[in-house]
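Student: Please take one small part of this chain and look at it closely. Then show how other parts of the chain compare in kind.

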Amino acid sequence: MGDGGQRSRWEYWWVALRFSLLLCFGEQVSAQIRYSIPEEVKEGSVVGNVAKDLGLDVSTLVERRFRIVSGSGSEEALFQVNQNNGVLYVHKNIDREGICNSKVACVIDLKIVVENPLEVHYVGLEITDVNDHSPSFSEKNLHIEIAENRPPGARFELQPARDLDVGINSIGSYKLNQNEHFDLELRDSGEGDKIPFLVLQKALDREQKTKHLLLLTAFDGGNPPRSGTLNITVTVLDLNDNQPVCSQDVYSVTLQENSDIGRFVVRINATDADHGSNGVIEYTLGRNLKRRVHDIFQLDSITGEIKVKGPVDFEENEVYSINVQASDKGQPPLTADCRVIVKIQDVNDNRPQIEVTSLSNTVSEDSKPGTVISLISVIDQDSGINGKVISSISENVPFELKPSYKDNVYSIVTKGRLDRELVSHYDITITATDCGQPPLSTFKTLSVQISDVNDNRPEFSQNPFELYLVENNARGASIFSVSASDKDMNENAAISYHIVRGEGTQNDMASFLNINSDNGHISALKSFDFEILKTFQFQVVATDSGTPSLSTNVTVNVFILDQNDNAPVILYPVSANGSAEGVEEISRTVNAGHLVTKVRAYDADIGYNGWLLFSLQEVTDHGLFTLDRYTGQIRTLRSFTETDEAEHKLVILVKDNGNVSLSATATVIINVVEPKEAFAASDVKSAVKDEEENRTTFYLIITLGSVSALFLISIIVLIVMQCSKPTEYSSKYLQDANYDGTLCHSIQYRSGDKRYMLVGPRMSIGSTIVPGSNGNTLVLPEHRSRASGEVRTVSKH
């Protein structure tokens, strides 16, 4: 038996002793009774009926003062008895761990007394345990340090968990989180407890992992079980078990001779996976190196940098092999050998030289590809790679460098077509570069002039030219000027001009023109009449003075502009003798607004110059007749009265709208007759009038036919010109025939605002149709009107 069994035996002997003493003193002692109750029961819970279990008369309990008289500690306050029924009940909360600490058996002894006669009874109360406490560790975190060289199987004791509960509710098992290095082992302490141990299953390596975090969990045997945890941090202690390692097996570097003192050569980089002083690297030069190496190079023991310490001479030694030891500071230290190969590079200290053997400074632009213009040779006093020279010619030039049979001898030849008009001079740069490190170069520039050949025709600024010439120009005066340019130079660019003359309608007009062969000024040998000729064209040839010469033709389209040089012509009335006079008879009974007659006239001019206006210059009665100023119609203003005269004379003035107006007059005599006379005279007059109308119609047909023919010829010429011009070119010449009793030419070019004004008979003088309106305004394109400053309008003097 354990400790619980020993306690039970002592309690038994103690009760027996007290019972013997009571017998000696004359007290009556009954047998002891025992109850069992779990801790943490509610206050008032019944433990048992003590009076009944002791065989006492319940009705005498009060008289005999039934009571609890003693108990160990505060047991008396925990339990009470009821004197009325003899029941023992819980008076206060029972905490087994507070009463019995960690005892396995927790028994409270109560002494119950009754008097008359005096009796003493003993009641044993066993407090049973419930699982009301979780396992716990004295610390939440545990730190353990383990050297990385500890072998597998090593054990490390851990603190056990504690649980105030007893029996099955105490610590039952432990669990360690899953990991690859540690396992858990439990050992019996000899006192019923189990002590946990960490067991190393796999060797530790600080260079792989410096800390291991573990979690130990303790479980009790309650239902449900309770648990507590312990955080375990295992720190792996470093050992000098790693040798330094060089980053490269061999460090190979190139160093130029004559390098400056202190120049960086190479840096040795060794690493050690150990920690602390075990991983600190120190560098030293090998012991078996020649003294010359120590004189030329120095090594920084901390950084591993090798720098130039003394003069470096390629001729003395081309390669240096240096051994460097990298040692850590462990005990004992570990060492690694790092090898450095330093190759001394020869210095390229001589530049190439370029010699020009021959050179042609001037090359004709018609030279064929492959024409040799120069021979050069290149020399370098260095030897080996430093004396090998690569030569090149500047880019973007029509020349190339061609090697010859001998090394470093070259010829410069043309590689493409030359064009002096694009580039007349070339600066050719020859570059000679050796193959040393760093390379040295020499530059030489050759100047080549490109000579001209006659390979460009003269060019006019535009084709065709357009000339707007006012009719009645002065004979022999300059009317126009053409100019051409030639991209060639000197005599190849000297230009002369002449007009193409020959058979044909268009070329017939060229006989009336003359041109200055040196400057292209054109003069007219005759005065042009718009009413006879409205447009024509001729060609000018520009020829250079090259051998052979080149020429270019340009077409000049001439548009004759109208002047007001024609007076109006009266078509009706016209008498038998040819004078502008006529007689009209009307009935006295006609109403107001009656059309008496119509004055018809035409003007050979166009536009404003041909726009006719009618006005009454003389009239016998201003209140009787009216004249429409645009149509020439004469109408009555009112009906005739008996007092009105029988004969009326009207003098009509017909004038055009030129800057200096020209005019004509017509006389109309109106006879007012009685209706019968008017009817009788109408038959005779109708015959005469028919004849006059036929004659007038004949004149009108001839006039309209002439104008229409001129109009059609102008349209055909303009269509031909339109087909030979760019699509954006707009026609600048229009004419229109409008006949409403009066033949009216209404097309006029106005040079001031660069537009044609199409004037109708209902428009006032000076009215303007703006661009974009529905009026007939033809706007001259700006780029065509300004294409040449030599296109101008020549006014009549």
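Tutor: The answer starts with one strand residue and its sheet, then turns to a hairpin, a disulfide, a core and some salt bridges. The model is predicted, so local features need pLDDT of at least 70 and side-chain atom pairs count only at pLDDT 80 or more, while totals for chains, interfaces and linings use all residues. Residues are numbered from 1 along each chain as its sequence is written, and side-chain values use heavy atoms, with hydrogens and water left out.

Val87 belongs to strand β6, residues 87-90; strands (E, at least two residues) and helices (H or I, at least four) are DSSP runs numbered from the N terminus. With a relative accessible area of 15%, Val87 is buried. Buried means under 20%, exposed over 50%, and partly exposed in between, using a 1.4 Å probe and protein chains only. Beyond its neighbours within four places in sequence, Val87 is in contact with Val46, Gly48, Asn49, Gln80, Val81 and Asn82, contact meaning heavy atoms within 4.5 Å. The C-alpha atoms of Val87 and Val50 are 5.8 Å apart, although 37 residues separate the two along the chain.

The sheet around Val87 is open, with three strands in the order β3-β6-β5 and antiparallel pairing. β3 (46-49) and β5 (79-81) are at the edges with a single partner strand each, so one side of each has no neighbour in the sheet. On average, neighbouring strands here are turned by 20° against each other, direction ignored; axes are lines fitted to C-alpha atoms, for helices over the stretch in contact, with angles from 0 to 180 degrees between N-to-C directions. Between β5 and β6 there are three bridges, and Val81 has Leu88 as its bridge partner in β6. Two strands count as paired if DSSP finds at least two bridges between them.

Another strand is β30 (residues 409-414), where five of six residues are buried. β30 pairs antiparallel with β27 (residues 372-379) over five bridges, with Ile376 opposite Tyr410. Five bridges also join β30 to β29 (residues 399-403), again antiparallel. In the hairpin of β29 and β30, five residues lie between the strands, and Asn408 takes a positive phi near 60°.

There is one disulfide, a pair of cysteine sulfur atoms within 2.5 Å. Cys246 and Cys338 form the disulfide, with 1.7 Å from S to S. Cys246 is in β16 (residues 245-246) and Cys338 in β24 (residues 335-345), so the pair ties together parts 92 residues apart in sequence. Both cysteines are buried.

The largest nonpolar core has 29 residues, and Val482, Phe538 and Val540 have the most contacts inside it. Such a core is a set of buried Ala, Val, Leu, Ile, Met, Phe, Trp, Tyr and Cys residues joined through side-chain atoms within 4.5 Å.

Finally, the salt bridges number 16; each is a side-chain nitrogen of Lys or Arg within 4 Å of a carboxyl oxygen of Asp or Glu. Glu115 meets Arg65 at 3.4 Å, N to O. Glu115 also bridges to Arg67, where the closest N and O atoms are 3.1 Å apart. Glu115 is partly exposed at 22% relative accessible area, as is Arg65 at 45% and Arg67 at 23%. Through shared partners, Arg65, Arg67 and Glu115 join into one network.
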